[in-house]
Amino acid sequence: MAVQTECICADVYPRIDAIIERKGAQTDSLIEILHAIQQEVGYLPQPVQEYVAEKLDVPAGVVESVVTFYTFFTTVPRGRHLVKVCQGTACYVRGGKRVLETVEKHCGCGVGETSEDRRYSVDIVRCLGACGLAPVLTVGDDIYERMKTTKVADVLGKYE
Amino acid sequence: MSDFTITVNGQEVQASQGMTVLEAAQQAGIHIPTLCYHPDLPPMGACRVCLVEIQGERVLQPSCSFPVRAGMIVETHSPTVRKARRTVVELLLSDHPSDCVVCDRNRNCELQSLAEELGIREVRVRVEPRGLEVDATSLSVVRDPDKCILCRRCLQTCDLIQSVSGLRLKGRGYDSVVGMAFDTPMGHALCVNCGQCINRCPTGGLVEQSHIPGVWSALEDPDKFTVVQTAPATRIALGEALGMPPGEIVTGKMVSALRALGFDAVFDTDFTADLTIMEEGFELIHRVKEGGVLPQLTSCSPGWIKYIEHFYPQLLPNLSSCKSPQQMFGALAKTYYAQQAGVDPARMVSVSIMPCTAKKYEAARPEMNDSGYQDVDYVLTTRELAKMIKEKGINFADLPQSEFDDPLGESTGAAVIFGATGGVMEAALRTAYEVLTNSKLEDLDITAVRGMDGVREATIMVGDLPVKAAVAHGLSNAAQVLDKIAAGEGDWHFVEIMCCPGGCLGGGGQPIPTSPEIRRQRAAAIYQADREMPIRRSHENPSITAIYERFLGEPLSEKSHHLLHTKYTPRTRKPVQIPVEA
């Protein structure tokens, strides 16, 4: 999935309007609306949240609570490639922590952050259901099993 | 609805379908400790303190939200329950600041009481408090997120009772924090300053912005002349904060206490409540006769004023232009009274005792300086006054009764009922009836507008004129009325709106705790105080007649307009961002 990372320009608002129209301007649809906007815009900065709040006729804090609760939502632009390192029990005991540290060092940013060149965003995941392949790391939709710290640079280097 | 029995601690207890275990137990007089539960709010099951053992259930269940079933067997204090409950509270204490002795809520804190009740003598896991910043930017409310235990009562209050939704829960898990949208400082955020969140906060997480130090300095400064006014609802609640049961009328003792604190003149907001009836009543008559904007909305409650400014700015023309009784008093103290008493208003310090935290904001509004000075300098909540009385070593219970000073101390029963929802309406109708029909109202108790229903409507015959009235308290109830007005429905003449549940008697500055039962007891005291007053109609107050003769001229005169009326500010609902200082 290509993640868009452009800035919030005036032209995103008609696209947001279209999404809200499609989903219905009611709070019941808030999560779906935010989900669709994030797909479209790439992230959910404060002006976008305030805009949605105004459209749905709710105080902005209502939108912000939802955005900050779900780790799927991001308020900062994501990198071109989302790197997720599993920190579930099996991955953790088999060195997932060290893999994560190496990934952070390689990308130059911590969990929940994006590298300065917008190449990578780093995140953790609690379990991918692939414990037999632990420790696991994913880049976008690609899965890398039995990761070692020494393999991190090679794997990440493939993604421009 | 079927009735059946359940067994709680071996005792047969009546219950009915739809009840929770907690409700059934409480009804039978069985105590279950609670923390996030509040009788004004729907159960949340957030804190797990009310856990009980239910036979057949795999794990302990929160009694606040667990529905009863016929034949259910419940243990509320078994060893398993007691141990689990202790662990829950110990974990809440694990990162809670332990400076209880200097906390605003010391000895009035539910977490503290709970620790004592559950016999907690050590906290096995201790970590540093999160070190979150105290937000003291609001003129009314101070938020200390380190003392917050995330019970969510405040945000339920802000959401469900007040329809403001300013306070929100942000983030998740250990990083959760209750705060304003986008970390906007509270003083710049969407907030009506009502303080209902403070009334429901179990800890010191939310407290009022204290004016106590400023008031002490004014009292101790020999160059200052201190005047004080007391709002209607303070006299029936102050006792609670000083160890008395709810519903005690302590007017005379309160006056004595204020003199003992050193105030030079002790006056009554009830006087300007009577004056409000004159001004607001004549404004209504003017609107009806001249085809003005109707319904006229009352304007005594500053939380409500800020709410309409944010949420229904299009209805501001409906709002009475009358200042609240507090601000009418402020403007008159530094003009009329200063003149009468020969006191230089520049050295006068005007203090008010209010059941309200929004009054602190109201006093600081930039337009509230028609006397040529800030009309009201300090606002103390009922709670703060109780603290000062304690600090001064005054034995409140043994104080003699005394009377307010003249000329701003005389009032009527119509003024004291301003403290209860429906009171302003009732007081206005008593006067409107007699002024318009030129005849005596037989029964002064206009019970149609009394009570605790969220929205009440009544049509009262004033002579041949059917006056259509509505009363709402709590802003979510107000919103229902306002939606109708905004949609062009609702053909009322006069609508009374009070920000807080129960009116001012349930205000955000009143003693903690609050509950429907406590508010009922306070309301009963208000109406008793009304019945005991020798005069019960605002227009019969001799001091009101005198002030119009000597100073104001007549209701809605130019002088009245200058000192007693005000303008409002349309606002948005957006979280206002202030620039970061370099």
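How many residues of domain 2 of chain B are in contact with domain 3 of chain B, and how many of domain 3 do they meet? In this predicted model, 16 residues from domain 2 of chain B touch 22 residues from domain 3 of chain B. On the domain 2 side, helices α4 (153–161) and α5 (196–200) of chain B each put in at least two residues. The largest share there belongs to α5(B), with three residues. Sorted by class, this side of domain 2 of chain B comes out as nine nonpolar and seven polar residues, with no charged ones.

Stepping back to the layout of chain B, the domain assignment splits the chain into domain 1 (3–92), domain 2 (130–207) and domain 3 (212–564). Taken over C-alpha atoms, the centres of domain 2 of chain B and domain 3 of chain B sit 27 Å from one another.

Next comes the open sheet of chain B. Five strands build this sheet, running in the order β2-β1-β5-β3-β4 with mixed pairing. At its edges are β2 (11–16) and β4 (61–62) of chain B, each of which pairs on one side only. Further in, strand β1 (residues 3–8) of chain B runs parallel to strand β5 (residues 73–75) of chain B, and two bridges join this pair. Across from B:V8 stands B:V74 in β5(B). Helix α2 (residues 79–94) of chain B packs on the sheet, where it touches β3 (51–54) and β5 of chain B. The direction of α2(B) makes an angle of about 155° with that of β3(B).

A separate pair of strands in chain B forms a hairpin. Here strand β7 (residues 167–170) of chain B pairs with strand β8 (residues 177–180) of chain B in the antiparallel sense, over four bridges. One of the bridge partnerships links B:L169 to B:V178 in β8(B). Six residues lie between β7(B) and β8(B), and B:G171 in the turn has a positive phi of about 75°.

Now for helix packing in chain B. Two packed helices are described by the angle between their axes and by the distance between those axes. For helix α8 (residues 269–290) of chain B and helix α14 (residues 423–437) of chain B, the angle is about 65° and the axes are 10 Å apart. This angle means that α8(B) is roughly perpendicular to α14(B). The crossing of α8(B) past α14(B) is right-handed. On one side of the contact are B:I277, B:E280 and B:G281 from α8(B), and on the other are B:A427, B:A428, B:T431 and B:A432 from α14(B). By class, the contact of α8(B) with α14(B) holds four nonpolar residues, two polar ones and one charged one.

Chain A has a makeup of six helices and four strands. Read from the N terminus, its elements follow the order α-α-α-α-β-α-β-β-β-α. Along the principal axes, the C-alpha atoms of chain A fill a box of roughly 50 × 30 × 25 Å. The chain is divided into domain 1 (12–69) and domain 2 (81–157), and the C-alpha centres of these two domains of chain A are 30 Å apart.

Within chain A, helix α1 (residues 12–23) and helix α2 (residues 30–41) cross at roughly 145°, and their axes come within 10 Å. As with α8(B) and α14(B), the crossing of α1(A) past α2(A) is right-handed. The α1(A) residues in this contact are A:V12, A:R15, A:I16, A:I19, A:I20 and A:K23, and they meet A:E32, A:I33, A:A36, A:I37, A:E40 and A:V41 of α2(A). The contact of α1(A) with α2(A) divides into eight nonpolar and four charged residues, with no polar ones.

That leaves the place where the two chains meet. The contact draws 11 residues from chain A and 14 residues from chain B. On the chain A side, the elements giving two or more residues are α3 (46–56) and α4 (60–69) of chain A. Of the elements of chain A, α4(A) gives the most to this side, with seven residues. By class, the side of chain A that touches chain B has five nonpolar, four polar and two charged residues.

Definitions and conventions
Residues numbered from 1 in each chain as written. Chains lettered and ligands numbered in written order. Predicted model: local features only at pLDDT ≥ 70, side-chain atom pairs only at ≥ 80, totals over all residues. Domains from an automatic or database assignment. Pairing = 2+ DSSP bridges. Contact = placed C-beta atoms within 7 Å. Axes fitted to C-alpha atoms, helices over the stretch in contact; angles between N-to-C directions. Parallel < 35°, antiparallel > 145°, perpendicular 65-115°, else oblique. Left-handed = near helix turned anticlockwise from the far one by under 90°. Nonpolar A, V, L, I, M, F, W, Y, C, P; charged D, E, K, R; others polar.
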